[in-house]
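Here are a few exercises to work through with the model open beside you. Try each task before you read the solution.

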Amino acid sequence: MRFWLTILAVAALSMAHPTHAADSIDPAADARAFRNYFVEKFPNVKLDDFANGPYSLNEDMRRQWEGKEQFPPYEFSLEAGKELFAKPFANGKHYADCFAEQGIGVRQNYPQFDGKSGQVITLELALNQCRETNGEKAISYTGDDMAALTAYMAFTSRGKPFDIKVPDDPRALEAYENGKRYFYTRRGQLNFSCATCHVQNPGERLRAEVLAPALGILNALPIYRSEWGGMGTTSRRFVSCNSQVRGVPLEPQAEEYRDLEYFLSYVSNGLPISGPGSRP
Amino acid sequence: MKKISNALWSLASLVSIGSAALAASSEADFKSAYARADAAEQEAGHLRNQWLAAEAALADARKAAAKQDFETAIAAAKEAEALAKASIFQTTSEKEAWKNLEIH
Amino acid sequence: MASSIRVRAIVNGETTEVQTLIQHPMDSGFIKDDKGEFIPAHFIQELTFEHNGRPVFVADWGTAVSKDPYVKFAFKGANKGDDLKVSWIDNKGETDTATFKIQ
Amino acid sequence: MTAPDDSFPVTRRLVLRGAGSVALAGLGIVSFRATPAFAAANDKYPEGAFKQKDSKEAIKQLYGRTAEPSDKIKLDAPEIAENGAVVPISVSTSLADVSSIAFVVPENPNVLAAYYKIPQGTLPNVANRLKMAKTSTVTVIVESGGKLFSATKEVKVTVGGCGG
């Protein structure tokens, strides 16, 4: 592939869209517009199927995926996650003690806005906060254990629609808006935003990959990627996305990434959790 | 390759690279070139939008300087500075431009 | 430590369909690590399925079988509740064996 | 992708450097609890055939003869592999008395991928997942009634499985 690109400065581009007069933050309206965009762009794809990423848009890939789903290669990670989740901490407590419903079938409620800290709490962050509260060291956000734990939790939530809340709290709205801005902002030497690939060009091939639609993209996380030969977290995916556009990635679970996850999950509200997913 | 057709390659104000050959490149010249590049890259970091290539060019500059090859080191530092400034320009112009991509 | 072998063996009429997934790196020897050094070949060479002491399927594998290999086949003559013994040996002489109930 | 480089010669200097490589930790912890009670049930592992770089040579080493194409073999493989590291490939056949099935990928460094012995009572159907280094044909060899038959299909690989 020839990414021999020589990109330099970027002009501010004036496109046809008029900038909306009042910059009022309206997540519900955003989510409706977001969903409509994809439904109109891909009229033959069932809404829930967007949670299956590129497989909703490409028949040949879908057949390969369905073949692998008969006995998915991520099964070992899933089992490891189940064991890790059940293993007690040194103080005798468990991950289950940190979550509603003992952590089973709750993945669709993350990220959450925490009114106390004023922060977006992702599932990965909640897991590490749980560890630290119980006197354990945090584990890597991009490592196999975090991937396995979140895979197991996603698995227990399969089919449950994303149910992300943006409370009427200016800090929550700001976090949401920051996530949205991150999503649409071009960055890196390739001058790509998340939206360049996942809004403007889903279904197209970039290098060999068929780009996933942004609608439902996080429903499948964490994902087993053949390219990785293993399960990877949302953090790992964001980091690799930034690298792919030739940007220096932020630290995993940086505020920007958490806000991005908040925005992207919110606009996919109503679509089912399909994780752990598989991707090439 | 199927192209990302909407990638808009409008390139505007360009950061120029000093290409004047330096007859005798000195360590002092390198240090000031490196300091400028490093400052720009740090600003890009503050803006949360560094480019991998800028980091790589800075590393090249350090490597060459360690070998006393100041001519190469200065060239790499200047490249790093140009890249860092381009990333800063990108961040600045995206402050409002991101809204053009938004789905309404 | 859990077994490296996962099996789903299901009787349907007179045939039993067997699907297997094995946790194994299947390193081909042609890939370099982060330091640019070749990762030595490490792959399963032979995988055997036995029903009532009789081999019903034998896989000989080279380096081109994917990581965490998968294989599916079907055979006749088994009943629900029968044992299916699965064993593998790799090029380093490591092995694993497990026995599964046919469902 | 086209960049308008010609109109902006200055930008040529800022060529792209190597992409940041995200370290890919390989897992693959395998348990070895069982005793190596390996039943050498059948003939030996065909080590020589698995080292061949040429398909004809590999088939010759394995079987001592050549195969002829047959339309009684159904080879199912994707047109474009989503990733060369994991290419699902399956075969079924209406040929009788099948005693073995082999998969050959001529463009892989080692061309013979897998060789399955099919005892009596086992159906001549196999599905597996193979690595493909690049775009290649995939040939399946079916041994039936002491004769060799083959079927071939091309699989495009855009991200290589570096495997083989």
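**Exercise 1.** How many of the 6 residues of strand E6 (residues 112-117) of chain D are buried, and what does that say about the strand's surroundings? Then find the strands that pair with E6(D).

*Solution.* Keep in mind that this is a predicted model.
- Step 1: go along the strand and count. You get 6 of 6 buried, so E6(D) is largely enclosed by the rest of the structure.
- Step 2: look for a partner in chain C. Strand E4 (residues 54-61) of chain C pairs with E6(D) in the antiparallel sense, over 4 bridges.
- Step 3: look for a partner in chain D. Strand E5 (residues 98-104) of chain D runs antiparallel to E6(D) and is joined to it by 5 bridges.
- Step 4: pick one residue to tie this together. D:Ala114 in E6(D) has C:Trp61 opposite it, and D:Ala114 is also the bridge partner of D:Phe103.

**Exercise 2.** Trace the open sheet that contains strand E7 (residues 125-130) of chain D, and work out which strands form its edges.

*Solution.*
- Step 1: start at E7(D) and step into chain C. Strand E5 (residues 70-76) of chain C is antiparallel to E7(D), with 2 bridges between them. Here C:Lys72 sits opposite D:Ala127.
- Step 2: now step the other way. Strand E4 (residues 87-93) of chain D pairs with E7(D) over 6 bridges, again antiparallel, and D:Ser90 sits opposite D:Ala127.
- Step 3: carry on outwards. The open sheet has 6 strands with antiparallel pairing, in the order E1(C)-E2(C)-E5(C)-E7(D)-E4(D)-E2(D).
- Step 4: read off the edges. Strand E1 (5-12) of chain C and strand E2 (73-76) of chain D each pair on one side only. From one strand to the next, the twist averages 15 degrees.

**Exercise 3.** Which residues of helix H2 (residues 59-69) of chain A are buried, and what covers them?

*Solution.*
- Step 1: list the buried positions: A:Met61, A:Gln64, A:Trp65, A:Gly67 and A:Lys68.
- Step 2: look down the axis of H2(A). The buried residues fall within an arc of 160 degrees, so they line one face of the helix. The spacing fits a general rule: an α-helix has 3.6 residues a turn, so residues three or four places apart point the same way.
- Step 3: check the face turned away from the buried side. It carries the exposed residues A:Glu59 and A:Glu66.
- Step 4: find the cover. It includes strand E4 (209-210) and strand E7 (277-279) of chain A, together with E4 of chain D.

**Exercise 4.** Which members of the largest nonpolar core touch the most other members?

*Solution.*
- Step 1: take the 71 residues of this core and rank them by contacts within it. A:Phe183, A:Phe263 and A:Leu264 come out on top.
- Step 2: see which helix feeds the core. Helix H5 (residues 144-155) of chain A gives the most, with 8 residues.
- Step 3: zoom in on A:Leu264. Beyond its neighbours within four places in sequence, A:Leu264 contacts A:Phe183, A:Ala214, A:Ile217 and A:Leu218.
- Step 4: look elsewhere. A second, separate core of 65 residues has among its members C:Val71, D:Ile89, D:Tyr116 and D:Ile141.

**Exercise 5.** What should helix H3 (residues 70-97) of chain B span, and how far apart are its end C-alpha atoms?

*Solution.*
- Step 1: place the helix. Chain B has 3 helices and 0 strands.
- Step 2: at 1.5 Å a residue, the 28 residues of H3(B) should span 40 Å, and the end C-alpha atoms are 39 Å apart, which agrees.
- Step 3: check the cover. H3(B) has 22 of its 28 residues buried, while 41% of the 104 residues of chain B count as buried.

Conventions
Residues numbered from 1 in each chain as written. Chains lettered and ligands numbered in written order. Predicted model: local features only at pLDDT ≥ 70, side-chain atom pairs only at ≥ 80, totals over all residues. Expected span 1.5 Å × (residues − 1). Buried ≥ 20, exposed ≤ 12 C-beta atoms within 10 Å, placed from the backbone. Core = buried A, V, L, I, M, F, W, Y, C linked by C-beta atoms within 7 Å. Contact = placed C-beta atoms within 7 Å. Pairing = 2+ DSSP bridges. Arc of directions from axis to C-beta. Axes fitted to C-alpha atoms, helices over the stretch in contact; angles between N-to-C directions.
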